[in-house]
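This briefing covers charged side-chain pairs and how they sit in the fold. The sequence and structure come next.

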Amino acid sequence: VGVDLTVVLRVRGDGNRFKFVMRDDEDWNGVAWTQSFDTAAGEWTTVRLPLAGFVPTRFARTDRLARPFRADRCTALQFALSKFEYDA
């Protein structure tokens with residue numbers, strides 16, 4: 001798996017901002033790679049999230065010491081309503 005990996009989502013929006021979260025181990029308190037995206041109410045849209053744009057976080061705080069995401073070991077995918085951005 002190369003660094004050109006892009007997650008492509010087809011979503012119907014509700015006007016809110018969401019985060020798409022990926023994990024590469026089973027430690028729920030570990031690093032979560034996260035990227036935010038906006039939606040438009042009632043509209044279908046294709047969202048493209050390049051791997052290079054994911055932010056390594058722990059409990060919504062940027063983890064600047066995190067190792068790179070291991071796409072070949074992805075263990076979880078998650079959507080979350082984005083009430084705030086990182087480090088808030």
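Is Arg67 buried, partly exposed or exposed? Arg67 is partly exposed, its relative accessible area being 32%. The model is predicted, and it holds 6 salt bridges; three of the pairs are described below.

**Arg67 and Asp25**
- A salt bridge joins Arg67 to Asp25, with the closest N and O atoms 3.7 Å apart.
- Because Arg67 lies in the loop between β6 and β7 and Asp25 in the loop between β2 and β3, the pair ties together parts 42 residues apart in sequence.
- Asp25 is partly exposed, at a relative accessible area of 25%.
- Asp24, Asp25, Arg67 and Arg70 are joined into one network by salt bridges that share partners.

**Asp24 and Arg70**
- Within that network, the side chains of Asp24 and Arg70 meet in a salt bridge at 3.2 Å, N to O.
- This pair links distant parts of the chain, 46 residues apart: Asp24 is in the loop between β2 and β3 (32-38), and Arg70 is in the loop between β6 (61-62) and β7.
- Asp24 counts as buried because its relative accessibility is 1%, under the 20% limit.
- Arg70 is partly exposed, with a relative accessible area of 24%.

**Glu85 and Arg17**
- The side chains of Glu85 and Arg17 form a salt bridge at 2.7 Å, N to O.
- Here too the pair links distant parts of the chain, with Glu85 in the segment after β7 (76-81) and Arg17 in strand β2 (residues 17-23), 68 residues apart.
- Glu85 is partly exposed at 30% relative accessible area, and Arg17 is partly exposed at 31%.

Methods. Residues numbered from 1 in each chain as written. Predicted model: local features only at pLDDT ≥ 70, side-chain atom pairs only at ≥ 80, totals over all residues. Heavy atoms only, no water. Salt bridge = Lys/Arg side-chain N within 4 Å of Asp/Glu carboxyl O. Helix = DSSP H or I, 4+ residues; strand = E, 2+ residues; numbered from the N terminus. Buried < 20%, exposed > 50% of the residue type's maximum accessible area, 1.4 Å probe, protein only.
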